[in-house]
Amino acid sequence: MKHMKHMKYRIRIPLTALAIAMLTMSAAAQSKQETEKVTSLDSTVIALAEIWSLDQGVRSDVSLYLENNRKFNLRIDSICFDKAIECIRHFGWVTDLGKYNSTHGYLLQALTAVMLHSPHRLMDGDVYSLLRTEAEAGRLHPEALALFLDKYYVIYQKRSLYGSDFRKFLQPPALNPEDRPLSDSLRRDIGLSPLPDSLFRQP
């Protein structure tokens, strides 16, 4: 029985190897006439494919995901997050896959999905600094970064500081006026203007 449970945990993971193999062959076929070397773009696509297939592989069957041990699911999210940060350090926040956009454009969702699945990891100083640098460079939109960060505050502190759509999960959804100075400071730090008065609860 224990063996069967472990098999359930692993049933979706082979998608990673499958995706990498398919993308590797695709990359090789498309670039054969141009060069025999694997380009930086090829490497980017393969890295995103590994992240996407692992992150979504455990979620493709909702009933199986819910049945899995919570520690198992969290471990997968942690592995994906580490791989995503490594990808960002090497290639930056990826916004374009060039010749692969038409066939593998969906992989551009990989980094966003991973950030939203592990918002607590964004509180690490090095990670925050990396993502803020990507926002300053124009590769990661500041509003997207605000969304990632705000999910942490909504889930773990039951408050919104960036005014993202996650605030709608709070009751009431309006921001606490006492958080105004902190909210203004945090938003400015990632290149955003302070929120309008209308988003704060009136005293």
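In the predicted model, Y153 and Y162 are both buried, and the rings of these two tyrosines form a tilted aromatic pair, with 6.3 Å from centre to centre and 40 degrees between the planes. Y152 is likewise buried, as is Y153, and the pair formed by Y152 and Y153 is edge-to-face, the centres being 5.2 Å apart and the planes 80 degrees from each other. Through such ring pairs, Y152, Y153, Y156 and Y162 are joined into a cluster. The structure as a whole contains 6 aromatic pairs.

The protein is built from 10 helices and 0 strands, so that, by the criterion used for assigning these elements, the order from the N terminus reads α-α-α-α-α-α-α-α-α-α. Of its 203 residues, 42% are buried. Among contacts with a separation of 6 or more, 64% are made by residues that lie 24 or more positions apart in the sequence. The accessible surface amounts to about 11600 Å², and carbon and sulfur atoms contribute 56% of that area.

Confidence in the prediction was considered next. The mean pLDDT of the protein is 85, with 77% of the residues reaching 70 or more. Over residues 1–14, by contrast, the pLDDT is below 50, although this stretch has 16 contacts in the model beyond near neighbours in sequence. Where pLDDT is low, the predicted coordinates should not be read in detail.

The loop between α9 and α10 carries two backbone features of note. Helix α9 spans residues 142–156 and helix α10 spans residues 180–189, and P172 lies in the loop between them. The peptide bond that joins Q171 to P172 is cis, with an omega of about -5 degrees. K158 is found in the same loop, between α9 and α10, and has a positive phi of about 55 degrees although this residue is not a glycine. The relative accessibility of K158 is 61%, and the residue therefore counts as exposed, the limit for that class being over 50%.

Charged side chains were then examined, and the structure was found to hold 9 salt bridges. One of them is formed by K83 and E50, whose closest N and O atoms are 3.0 Å apart. Because K83 belongs to helix α5 (residues 70–91) and E50 to helix α3 (residues 40–57), this pair ties together parts of the protein that are 33 residues apart in sequence. K83 is partly exposed, at 28% relative accessibility, and E50 is also partly exposed, with a relative accessible area of 23%.

Another salt bridge is made by the side chains of R187 and E143, with an N to O distance of 4.0 Å. Here too distant parts of the chain are linked, since R187 is located in helix α10 and E143 in helix α9, with their positions 44 residues apart in the sequence. The two partners fall into separate accessibility classes: R187, at 6% relative accessibility, is below the 20% limit and so counts as buried, whereas E143, with a relative accessible area of 41%, is partly exposed.

A further salt bridge brings together the side chains of K168 and D165, at 3.9 Å from N to O. K168 is exposed, having a relative accessible area of 55%. In addition to these individual pairs, R180, D184 and D197 are connected to one another in a network of salt bridges.

Finally, cysteine residues were considered. A search of the whole structure returned 0 disulfides. C80 is buried, with a relative accessible area of 1%, and C87, at 3% relative accessibility, counts as buried as well.

Conventions. Residues numbered from 1 in each chain as written. Heavy atoms only, no water. Helix = DSSP H or I, 4+ residues; strand = E, 2+ residues; numbered from the N terminus. Buried < 20%, exposed > 50% of the residue type's maximum accessible area, 1.4 Å probe, protein only. Phe/Tyr/Trp six-rings, centres within 6.5 Å; stacked < 30°, edge-to-face > 60°. Disulfide = S-S within 2.5 Å. pLDDT = per-residue confidence, 0-100. Contact = heavy atoms within 4.5 Å. Areas by Shrake-Rupley, 256 points an atom, 1.4 Å probe, with all protein chains shown as cover.
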